[in-house]
Amino acid sequence: MLAWGKLLLDEEGAVVDRLSLTDHCVDVASVFRELCDLPAIRRNLEREAGRPLSGIHLDRLAVFALLHDIGKCNHGFQAKEDARAQSVAGHVREVAALLADEDLRQQAVAALRLEDMLCWFRDPQTDLLRMLVASVSHHGQPAFVWDALDGLAAARDATFWRKKDAYDPFVALARLGRAAHEAFPLAFDGQAEALELTPALEHRFAGLLMLADWLGSHREAFFPFHQAGSRIPWARRQARRALSAVGLDIDQARQSLANGLPSFAQVFGLAAEPKPLQSALARADLPPLLIAESDTGSGKTEAALLHFLALFAAGEVDGLYFALPTRVAAREIYGRVESAMRRTFGERCPPVLLAVPGYAQVDGEPAGMLPAHGQLWHEADQARRERAWCAERPKRFLAAAVAVGTIDQALFSGIQVPHAHLRAACLDRSLLVVDEVHSSDTYMCYLSRRVLARHLAAGGRALLLSATLGSAARAKYLSPAQRPSGMDDFATAVGQPYPALCAPGSALRRLPDPDARAKRVRIRALGTMDQPEALLPGLRSAILAGRRVMVVLNTVARAIALTRLADADPLLRAALFAVNGQACPHHGRFARADRELLDKTVSRCLGKGSPAGAVLLIGTQTLEQSLDLDADWLITDLCPIDVLLQRIGRLHRHDRGPRPEAECSVLLPEEPELSSLLRNDGEVGRGGMAGLGFVYEDLRILQLTRDWAVGEPPIEIPRDNRFLVESATHPERLATLTAPKWKAHADRLEGREYAQASAADSALIPDKPFGDFRFPHGLEANLSTRLGLNDRTLRLGGLHGSPFGLDIDEINLPGHLAGGLTAEEAHAVRSWQDTLLIDVGSLHFRYSRFGLEKRDESAP
């Protein structure tokens with residue numbers, strides 16, 4: 001009986017076709033070996049090995065890739081071919097019994113001819129076993145822990161390795177051993193120095209194998225069950241074709257730049273010259289870690305793309321991952337990146353992915369609109385499907401040559417979540433760009449730094465972007481692997497150049513833009529945070545004067561409440577931001593299709609080239625990041641000064657001719673001392689108004705920002721950016737708040753920082769061999785919660801009309817509104833006065849042009 005590796009079943013579950021286990025393992029090993037020859041991946045491998053690797057070394061690693069499915073040799077797994085079989089088994093955990101049982105292990109050593117591999121590693125007795133455990137962990141996480149093996153389960157699993165009827169598992173193992181010798185003869189016959197198996201190399205091998213297993217199992221396009229001639233040379237040819245088709249092999253794209261990079265105008269379709277920051281980054285001979293600080297709207301995105309193209313052309317990176325803090329920001333940036341790549345590479349452009357779950361696009365086309373496997377009639381359709389391979393699952397996102405997504409996808413490469421090793425193997429070949437790095441909280445900052453340190457240690461490149469990064473945060477990011485040794489005092493910090501470029505161990509380099517427009521902004525303090533109706537007279541006057549007004553509030557509830565007030569006023573209603581004739585706020589609680597329409601409409605309404613005329617736009621933090629909006633008057637809830645500057649960046653963003661001075665009104669609570677919100681132990685005890693102490697935890701920064709705003713100082717951007725941020729975030733300034741409650745609050749924040757750093761540290765993949773650790777449950781959900789990416793998708797049980805005239809069949813529930821919810825489909829959806837009333841479990845919602853809101857069961 002020949003062991004099978006893959007089955008093709010019909011709708012009734014009957015076997016239609018089968019691929020032998022040997023052929024499947026050859027397919028995966030062939031993909032693995034071809035991956036190892038890609039420039040950046042080979043460089044990463046050599047960094048992890050601590051030495052150059054010859055072709056023989058890579059062949060030896062490929063042998064272990066071929067052995068990844070040895071667990072399928074057990075007769076319990078093979079019995080799955082018969083749907084009626086009672087005694088069946090898996091193929092991962094069962095390997096523990098094979099390797100832990102002394103008698104079985106000796107038989108496996110003989111069948112696989114492991115004695116032929118004794119010269120491959122410095123410590124063969126230990127390292128061969130470690131590599132086998134790493135290879136069988138190809139399903140995304142460590143397969144098992146030696147010390148935690150259940151004796152009874154191991155004894156039961158051992159029975160699956162005994163001969164049963166005509167089937168002998170060790171005959172199947174012997175076939176794999178022979179296939180390894182035939183596929184990679186130089187691994188056994190060639191001469192190469194023994195490797196020292198570091199945990200880093202072991203983990204890198206595991207990540208590449210996970211990637212190879214996924215691609216080597218692609219029956220429809222690359223590895224059908226039958227072929228002409230010998231499987232081994234055929235599989236190597238198919239592997240090369242697969243890597244090129246899905247965009248992992250970028251040789252053709254790099255060749256298109258052999259005669260030099262296109263000009264700035266050609267890349268971006270602009271009749272303009274690059275700015276100093278853009279010119280400074282358009283080079284490959286820069287340090288692997290860079291931080292670029294420049295004002296909102298100053299061209300940091302274009303600078304990052306120029307840096308990528310320079311590194312890519314020089315062979316320093318094979319890809320780009322552009323990480324942003326929110327899905328909205330990623331979707332906004334994606335179009336610019338995709339257009340620039342298409343202009344640069346033309347017909348040889350590698351796949352460009354929008355790496356956002358539920359919104360994935362490839363080459364500007366939604367992934368969900370690509371032809372299904374059963375509908376491929378033309379080669380062009382097949383090619384499009386293959387280019388979209390990385391978009392089919394979020395775990396593959398980082399395999400794209402060029403991807404724009406959220407920061408969580410990068411962070412998942414370093415923490416103990418399924419397929420983290422695969423993500424790391426893909427990410428580390430790329431330039432990692434982290435935009436708006438200043439927006440990270442303590443937990444995210446610590447996690448980002450550690451993932452950044454791992455990425456750099458593996459040979460990756462990174463560029464961090466920020467409108468203005470406080471000196472304390474900058475010092476942390478410049479020392480991602482350790483505590484910063486020191487930081488500038490306040491006087492020095494405020495004197496640092498801006499805009500600037502810096503790297504570890506070097507001074508900030510001033511890169512002023514001589515063509516930048518100085519933006520003067522008038523600050524006004526309004527003590528009406530808890531009285532939104534008090535804003536209405538001023539809004540009426542502004543609309544009558546034809547001004548473009550943007551209101552950014554810290555919570556969705558506040559944005560909806562103010563929108564309802566404005567909607568009830570005939571004058572304001574006529575100027576309210578509207579989508580398909582429906583006035584609405586802009587925030588994150590809209591159905592996916594509606595949200596995409598909102599984003600496109602708000603860009604047309606207030607973006608570059610938008611028509612003149614009065615507009616009133618009310619929204620939340622979704623308006624402050626990456627959207628290219630241009631307003632005359634900003635009204636904003638009190639927020640940390642760096643966030644405030646981000647919001648101010650939406651004022652006078654473009655040259656629209658003569659207009660009044662830009663104005664920013666900051667809504668403040670009536671109490672001058674925010675310490676009144678604190679208990680004696682420093683914890684936030686009351687309030688929560690506008691997210692103070694909750695959305696933004698550090699009330700000290702809010703207090704210093706509030707005190708500055710009360711003075712209503714005129715400011716000039718970007719001249720004052722550095723001073724403003726340091727004035728409210730520098731440790732010396734925070735230390736000026738000396739009242740007992742402030743000291744207690746500082747102590748509590750410091751304790752929370754240590755706790756969050758400890759939590760982040762425990763989430764990281766440990767530097768241990770496979771077999772010594774397993775992944776805990778829940779880390780992926782925990783990280784998504786911290787990022788605000790833990791939305792639940794609720795099916796509506798059919799198509800329903802949205803408030804904006806679209807058909808929707810699902811809606812996203814924010815994680816904090818869906819606590820305890822287990823159902824995935826609403827049990828009742830009904831329409832009432834242009835509103836959808838949605839019931840699911842004990843939760844009740846209404847969805848209207850104002851977005852998703854909770855409601856009482858009896859209320860409409």
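Trainee: What is the order of the strands in the open sheet of 6 strands?

Mentor: Keep in mind that this is a predicted model. The open sheet holds 6 strands, and the pairing among them is mixed. Reading across, the order is β17-β14-β18-β19-β13-β20.

Trainee: Which strands stand at the edges of that sheet?

Mentor: Look for strands with a single partner strand, because one side of each is then left without a neighbour in the sheet. That fits residues 615-619 and residues 715-717. The edge strands are β17 and β20.

Trainee: How much are neighbouring strands of this sheet turned against each other on average?

Mentor: Ignore the direction of the strands here and take the average over neighbours in the sheet. The turn comes to 20°.

Trainee: Which helix packs on the sheet, touching β14, β17, β18 and β19?

Mentor: Go to residues 556-567. The direction of this helix makes about 150° with that of β17. The helix is α25.

Trainee: In what sense do β18 and β19 pair?

Mentor: In general, strands of a sheet pair through backbone hydrogen bonds, either parallel or antiparallel. Here, residues 633-637 form β18 and residues 662-667 form β19, with 5 bridges between the two strands. One of the bridge partners is easy to find: Asp 637 is matched with Leu 667 in β19. The sense of the pairing is parallel.

Trainee: Is Glu 671 buried, exposed or partly exposed?

Mentor: First find Glu 671 in the loop between β19 and α29. Its relative accessible area is 29%. Buried would need under 20% and exposed over 50%, so Glu 671 is partly exposed.

Trainee: Now α21: how far apart are its end C-alpha atoms?

Mentor: Helix α21 has 16 residues, 442-457, and at 1.5 Å a residue they should span 22 Å. The distance in the model agrees with that expectation. The end C-alpha atoms are 23 Å apart.

Trainee: How many of the residues of α21 are buried?

Mentor: This helix is mostly covered. Among the buried residues are Tyr 443, Met 444, Cys 445 and Leu 456. Out of 16 residues, the number buried is 12.

Trainee: Which helix has the lowest mean pLDDT among the elements of the protein?

Mentor: Start with the whole protein: the mean pLDDT is 90, and 95% of residues reach 70 or more. Over residues 370-377 the pLDDT is below 50, though that stretch still has 16 contacts beyond near neighbours in sequence. Among the elements, α3 has the highest mean, 98, while the lowest, 61, belongs to residues 779-787, helix α33.

Conventions. Residues numbered from 1 in each chain as written. Predicted model: local features only at pLDDT ≥ 70, side-chain atom pairs only at ≥ 80, totals over all residues. Heavy atoms only, no water. Helix = DSSP H or I, 4+ residues; strand = E, 2+ residues; numbered from the N terminus. Expected span 1.5 Å × (residues − 1). Buried < 20%, exposed > 50% of the residue type's maximum accessible area, 1.4 Å probe, protein only. pLDDT = per-residue confidence, 0-100. Contact = heavy atoms within 4.5 Å. Pairing = 2+ DSSP bridges. Axes fitted to C-alpha atoms, helices over the stretch in contact; angles between N-to-C directions.
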